[in-house]
Each structure stands twice: as C-alpha cells, then as structure tokens.
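Colleague: I am new to this structure. Please take a close look at one part of it, the backbone and the rings that go with your account, and explain each step plainly.

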Amino acid sequence: MTKMTRKTYKRKRIILGVCLFASVSLIATGFAAWVISANANKAKAGNVTVGQVSPTNITISDIALSTPQSFSFEPEQTDTTGRVRNDGTNFENLKITLTCTVSPKAYVKDVTIAMSVPSGVTASAAAGKDYIVLPDCVTAPVTLTSGSGLTENGTGYDVSYEIAFSWGTAFGGVNPGEYYDNNTDGKAKDITTVTNELTDFHDLMGNLSTGFNITVTAEIN
C-alpha cells in the first residue's frame, strides 16, 4: 500500500456512488434498484464505487430508500374522476428519502448529497418548461453537517435526506390531474390543448429507465 502523508490523507474523500434506476412517464413507473460494492477500490455494476483510505476508514453503510423506491409523475391516488385521472395502478410519487450511516464520527467533517438526472428532466427540458421543479440536490450539491442534517448515533452519524420533485407553474404548481380538472386556468383549456401539453411533457421526460444517479460523499476532517 502506498504510504500517505497526513496532509495528503486529510485531503482525501471517501466517495460512495449509488445508482437509482426509475422509470418516469405519464403512464407507467418501473422499479428502483440499488447495487452496493462490498469490496474496497472496486467498481461494480450500477456505477457503484467504494474507496477506502488507510489507516482510518470512513464507512458509508445501511443505505436505503423509502418505499416506493421510484419517482412517478402520475395522477394522485385519490384522483379517479375528471378529464385527467389515474389508471387505477400508477400514482404520483415525487419524494424519496435516502438514509445511511456514516462513521466514525470523529473523522467526518460533512456529508454531501448530489443527484444527476436524465437530459429530459433537466433545466433545458421538462424543468425548463416549468412542468416540474428539480430537487435542491440536482441544482447544486447539498452539504449536511452535525446538527444540520447529520444526527449523532454514538459512533457515527445517521443521514436522512428527502429528495423531492414538485410540479411547476405550467401546471399551476399542482398535479396535472388537479390542474386540468379544478384549477381555473387549467379548466379553461380545451381537451386538445390538454392532450398536447401532456404529450409534450411525456415526450420530454421519455422512458427514463436509467439516469438518476445519487452520490453520497463523506469528507474527512
């Protein structure tokens, strides 16, 4: 193993990349899958890499997602009437909570959460047309520190971070099912306009079976 000076050691970061696969469309939602490498300094399927630094290792463990483990831009579960409604199977889910544990506490300076999204979701596409609002961790990495996102658990820190999309101003800031059936501006649009706008939204988002990548980075003191 290469000898490491203290100065070099303190600049090192332990980076754990985890890949979230989610199908996002107006008519269907696929599944989410997490693949975590159990070996140091190895890359596994799903673009997962765990790096370790000696002599003291920071570990990121117990990674989990809240259920359902996918984003879904569908009508709400209670929306069963009107011009835009759910299909009885697929429902809105714009929030996922990521949890993990980072240790040892004495060596952790902060934890950063960042997420990249497919091109159809970005500020130049669906978000750019104000169909959706991107989560904070997409527009810029979010840093969590002790007392502000990191909770001490004795030997380390528990991380719990909600990644949330929201509906944009193009839909009045509400679900399209609500917008077209109950919002004054949405109700005023004829069925052709409704169809065209939802088709445009669908085409921008596409069949997003890959491309949501969440990176959790723990920085050494």
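Modeller: A strand here means a DSSP run of E with at least two residues, and strands are numbered from the N terminus. The model is a predicted one. With that in place, take the backbone from strand β4 onward.

Strand β4 covers 59-65 and strand β5 covers 95-103, and Pro68 sits in the loop between them. The peptide bond that leads from Thr67 into Pro68 is cis, its omega being near 0 degrees. A second cis bond runs from Ser103 to Pro104, again with omega near 0 degrees. Pro104 belongs to the loop that joins β5 to β6, the latter spanning 108-116. These bonds are worth pointing out because most peptide bonds are trans.

Phi is the other backbone angle to look at. Most residues other than glycine have a negative phi. Asp62, which is not a glycine, has a positive phi, near 55 degrees. Asp62 is part of strand β4. Its relative accessibility is 60%, so Asp62 counts as exposed, the cut-off for that word being over 50%. Asp130 also has a positive phi without being a glycine, at about 65 degrees. Asp130 is placed in a loop, the one between β6 and β7 (132-133). Asp130 has a relative accessible area of 39%, so it is described as partly exposed; that term covers values between 20% and 50%.

Now the rings. Over the whole structure, the search gives 12 aromatic pairs. One of them joins Phe171 to Tyr180, with 6.0 Å from centre to centre and 70 degrees between the planes, an edge-to-face arrangement. Another is made by Tyr179 and Tyr180, where the centres are 5.0 Å apart and the planes meet at 65 degrees; this pair is edge-to-face too. Both angles earn that name because edge-to-face requires planes over 60 degrees apart. Phe171 and Tyr180 are buried, and Tyr179 is buried as well. Buried means that the relative accessible area is under 20%.

Tyr180 thus takes part in a pair with Phe171 and in a pair with Tyr179. These residues belong to a wider cluster linked by ring pairs, which also takes in Phe71, Phe73, Tyr131, Phe165, Trp167 and Phe201.

Technical notes:
Residues numbered from 1 in each chain as written. Predicted model: local features only at pLDDT ≥ 70, side-chain atom pairs only at ≥ 80, totals over all residues. Heavy atoms only, no water. Phe/Tyr/Trp six-rings, centres within 6.5 Å; stacked < 30°, edge-to-face > 60°. Buried < 20%, exposed > 50% of the residue type's maximum accessible area, 1.4 Å probe, protein only. Helix = DSSP H or I, 4+ residues; strand = E, 2+ residues; numbered from the N terminus.
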